[in-house]
Amino acid sequence: MSTNQPKLLRVLTVSSHPNRPNALSAVLTFTWRSLKKTVSQLPYMAIDVLIFPVIFLLIFTFMFGGAISGSTGNYLQFLLPGMLVYTVTTMTVYIGISIKTDIDRGVFNRFRTLPFWQPAAIIGTMLVNLLSYAAALATTIAFGLLLGFRPEAGLTGALLALLLVIMYAFSVSWIFACIGVVAKKTESITSMTYIVLYPLMFTSNVFTDTSTMPDWLGPIIAYNPISLASTAARGLMHGTATAQDLITALAGMALFILVFAPLTFRLYRQKAKQ
Amino acid sequence: MTKNNFAVETRGLRKSFGSVEVLKGIDLQVERGTVYAILGPNGAGKTTLVNILSTLIRPDSGTAQVFGLDVVHDADKVRGMVGLTGQFAAVDEELSGRDNLVLFGRLTGYGRKAAYARADELLDAFDLTDAAYRHAGKYSGGMRRRLDIAAAMLVMPDLLFLDEPTTGLDPRSRNGVWDIVRTLVDRGTTVLLTTQYLEEADQLADRLAVIDGGTVIAEGTAAELKASVGSGTVHIRLTKPEQRALAEQVLQRELDAAAVRLHAEPASLSAQVSDPELAARLLTELSREGIETVQFSLGQPSLDEVFLALTGRPAEEEKEENVS
């Protein structure tokens, strides 16, 4: 080591003070970081992006298809748009986990002492998560087509539905980003999946039509954000979407983002300052 | 910006987490260009103190200045001057060493090319070129520590916080880190070292403060602290470990019973003596009892002994630090 002394001294004597990075370059730096990590975790990613969507689509189509819609083909036409929503909903929890991991491992503290626009850490990571949502959705659609699903509004409908579901996932991600900042333990974030997401998913119209349900249940299901998203996705996919369907779905998403994004940034900034 | 000679100056710094008062009024002055050690067991308040000085948390009351800048009101400027390492600010374990330096470099404001150039330059100077593409999580203790320090050197800090920089390192890596710290100080950086290991403070620090239970219980140079405890300590190693109980009796007879300490090594014991002549008498008494010694030396007390004398318990005693 002592042989390195002159080299060390030279490196340490260089004293350039670069200007603080602009917000865009900070966001891009975090997308770069997140991509690097994603690449090293591809095998795990494959489970979420390839295997889960296929398995769930198979289970729901063939187990419930006959019972619910009389035939698996009919059911698939109904189910697939909702399955898109279902697939990404379970993935939104990851943003919370990655924020919590940064906080626990102390990288967060290093970030906080650097002079960049702090929300970039969350936004940059989230942008890469959107790519994995898109990959999981593509798998679901491709496999659905293989099983016989046909979007009645054609390619345009399918693409619009895809876009809507990604926007939906983006909006829900903010809830978990927020939870990730405040959670005491990583496990409590994952358990939120069971406490909040699963009940919401099964009280939605993803799997069944609401017309056979008792009157009191209808409104609850109708205003469940998961239902709003899957109604809109279904409508876009088959060309039956009403303006009201789309407006309610988009309004719900906007509400999530407007409430949870600023809240997350605020809590994130305050995190170490208790 | 008010100019003064201190890199760090705090007055009456207090901080509580809930009902737990972690800092109970800390007064500290660290001169520029020196290595200053903050010594204390886990839970003494070291981490909280550093978090306040590096603007990560705010004090409840009292003031803290870094190079004359208030850590609350001039937080942004202070942040530009300090570097954090270790548990205060970790590296990303899932990225390679090089990617870590590029990441932090970009976030500091280096352009793409400049960030890579700076990263490679630092990897080279810190002997990490061979491990540049390996995940930081797979680094050895010494490599990890060097990467940590390198990450704090992307822009030269005027004040560097080092947290137990050599704990758990083998002697060679330890010397490497010590060399780095000395080079930094030569270059003019002020280093604030926090540690619970006395040897580390003894080796590196110009001055040190011992904190315990949220207050500074002693402050000065290592020599001053040692002198405050007593003029010296005799270290005795016996030929036959089984004679230790007898030797202990002899020492206790001649000295204050509380001054005698048995060491973990079964043939060793030590005692504080107020007067060198007493030491000579001890040697005579031991040989009269037929106790053979391999080593009998009179030296300054170690910082370990200082800590024991100051707090009434050994420095190694662990208390869980559960504040963040």
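A helix, as the word is used on this tour, is a DSSP run of at least four residues marked H or I, and helices are numbered from the N terminus. Keep in mind throughout that the model on your screen is a predicted one.

**First stop: the end of a helix in chain A**

With that definition in hand, select residues 225–238 of chain A, which form helix H11, and then add A:Gly239, the residue that follows H11(A) and has a positive phi, near 70 degrees. Going back along the helix, you will find that H11(A) has 14 residues and reaches 20 Å from its first C-alpha to its last, which is close to the 20 Å expected at 1.5 Å a residue. Is this helix mostly covered, or mostly open? If you show the rest of the structure around H11(A), you can see that it is mostly covered, since 13 of its 14 residues are buried.

**Second stop: the whole of chain A**

Now select all of chain A and colour it by secondary structure, which will show twelve helices and zero strands. The C-alpha trace of chain A spans about 80 × 40 × 35 Å along its principal axes, and of the 274 residues in this chain, 41% count as buried. Among the contacts in chain A that join residues at least 6 apart in sequence, 79% are between residues at least 24 apart.

**Third stop: where chain B touches chain A**

Next, display both chains together and look at the place where they meet, for here 40 residues of chain B are in contact with 37 residues of chain A. On the side of chain B that touches chain A, the elements giving two or more residues are helix H3 (97–108), helix H4 (112–125) and helix H6 (171–187) of chain B. Which of these helices gives the most? Select H6(B), because the answer is this helix, with seven residues. If you colour this side of chain B by class, you will find 20 nonpolar, eight polar and twelve charged residues.

**Fourth stop: the two domains of chain B**

Hide chain A and give separate colours to residues 6–226 and 231–300 of chain B, which are its domain 1 and domain 2. The C-alpha centres of these two domains of chain B lie 40 Å apart.

**Fifth stop: a sheet in chain B**

Select the four strands of chain B that form an open sheet in the order E12-E13-E11-E14, with antiparallel pairing. The edge strands are E12 and strand E14 (293–299) of chain B, each of which pairs on one side only, and the twist averages 15 degrees from one strand to the next.

Then narrow the selection to strand E13 (residues 268–273) of chain B, where five of the six residues are buried, so that this strand is largely enclosed by the rest of the structure. Six bridges join E13(B) to strand E11 (residues 232–238) of chain B, and these two strands run antiparallel; to find one of the pairs, select B:Gly232 together with its bridge partner B:Val273. Three bridges join E13(B) to strand E12 (residues 260–262) of chain B, also antiparallel, and E12(B) and E13(B) form a hairpin with five residues between them. Within this hairpin, B:Arg261 stands opposite B:Ser270, while B:Leu262 stands opposite B:Leu269.

Finally, add helix H10 (residues 276–288) of chain B, which packs on the sheet and touches E11, E13 and E14 of chain B. The direction of H10(B) makes about 170 degrees with that of E14(B).

Definitions and conventions: Residues are numbered from 1 along each chain as its sequence is written. Chains are lettered from A and ligands numbered from 1 in the order in which they are written. This is a predicted model: local features need pLDDT of at least 70, side-chain atom pairs count only at pLDDT 80 or more; totals for chains, interfaces and linings use all residues. The expected span of a helix is 1.5 Å times one less than its number of residues. A residue is buried if 20 or more other C-beta atoms lie within 10 Å of its own, exposed if 12 or fewer, and partly exposed in between; C-beta atoms are placed from the backbone. Two residues are in contact if their C-beta atoms, placed from the backbone, lie within 7 Å. Ala, Val, Leu, Ile, Met, Phe, Trp, Tyr, Cys and Pro count as nonpolar, Asp, Glu, Lys and Arg as charged, and the others, Gly among them, as polar. Two strands pair if DSSP finds at least two bridges between them. Axes are lines fitted to C-alpha atoms, for helices over the stretch in contact, and angles run from 0 to 180 degrees between N-to-C directions. Domain bounds come from an automatic or database domain assignment.
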